[in-house]
Amino acid sequence: MATLESMVVEETREQEKPIDREKTCPLLLRVFCSNERHHALMEFSRGSTPTNELQIYTWKDATLKELTSLVKEVNPDARRKGTFFDFAIVYPDSRSPTFRLREIGTTCAGRKSPDDNITLAQKKFVIGDYLDIAICPPRPGGGGPPMGRNRRPF
């Protein structure tokens, strides 16, 4: 008679080591912002990128809220309370000469958001990837982020 054996395996996650920003050199984060939608992936093809590049020196432990405040410093239109920031990582596809886009979170100017404390490292950002931010102005009457945004097809 055969016996069945079961084993409980705990997933061990490596704790994120805190980055000492005094001793660790920052990385250059290339950020591309657009109004209400992410850039089309075609704009990242053949060695080109969208023209509205914002360069930020930061660390992989930077939170989305921290990045939101840096974008607001240089983009006066994005400072209005209730403006939504949809973050996505644009990275090269390892199987083809194209890029992929992976959404990583949303923040809101002047309000707390569940994604505020998400870091680039938690979302597997790799140095050399781009950050694409769709900036959506406040909706009349307030409320949450626009549903079913009219995004460009990728």
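Visitor: What makes a stretch of this chain a helix or a strand?

Guide: Helices are DSSP runs of H or I with at least four residues, and strands are runs of E with at least two, numbered from the N terminus. By that rule, the elements of this predicted model run β-β-α-β-β-β from the N terminus on.

Visitor: Why is cysteine 25 called exposed?

Guide: Exposed means over 50% relative accessible area. Cysteine 25 has 66% relative accessibility, so the residue counts as exposed.

Visitor: And what makes cysteine 33 buried?

Guide: The cut-off for buried is under 20%. Cysteine 33 has a relative accessible area of 14%, and therefore counts as buried.

Visitor: How do you know that arginine 21 forms a salt bridge with aspartate 61?

Guide: A side-chain nitrogen of Arg has to lie within 4 Å of a carboxyl oxygen of Asp or Glu. Here the closest N and O atoms are 2.8 Å apart, so the pair qualifies. The two residues sit 40 residues apart, with arginine 21 in the segment before β1 and aspartate 61 in the loop between β2 and α1.

Visitor: What makes Arg21, Asp61 and Glu66 a network?

Guide: Arginine 21 also forms a salt bridge with glutamate 66, again with closest N and O atoms 2.8 Å apart. Glutamate 66 belongs to helix α1. Salt bridges thus link Arg21, Asp61 and Glu66 in a network.

Visitor: Why is arginine 30 called partly exposed?

Guide: Partly exposed lies between the 20% and 50% cut-offs. Arginine 30 is at 26% relative accessibility, so that label fits. Its side chain meets that of glutamate 53 in a salt bridge, at 2.5 Å from N to O.

Technical notes:
Residues numbered from 1 in each chain as written. Predicted model: local features only at pLDDT ≥ 70, side-chain atom pairs only at ≥ 80, totals over all residues. Heavy atoms only, no water. Buried < 20%, exposed > 50% of the residue type's maximum accessible area, 1.4 Å probe, protein only.
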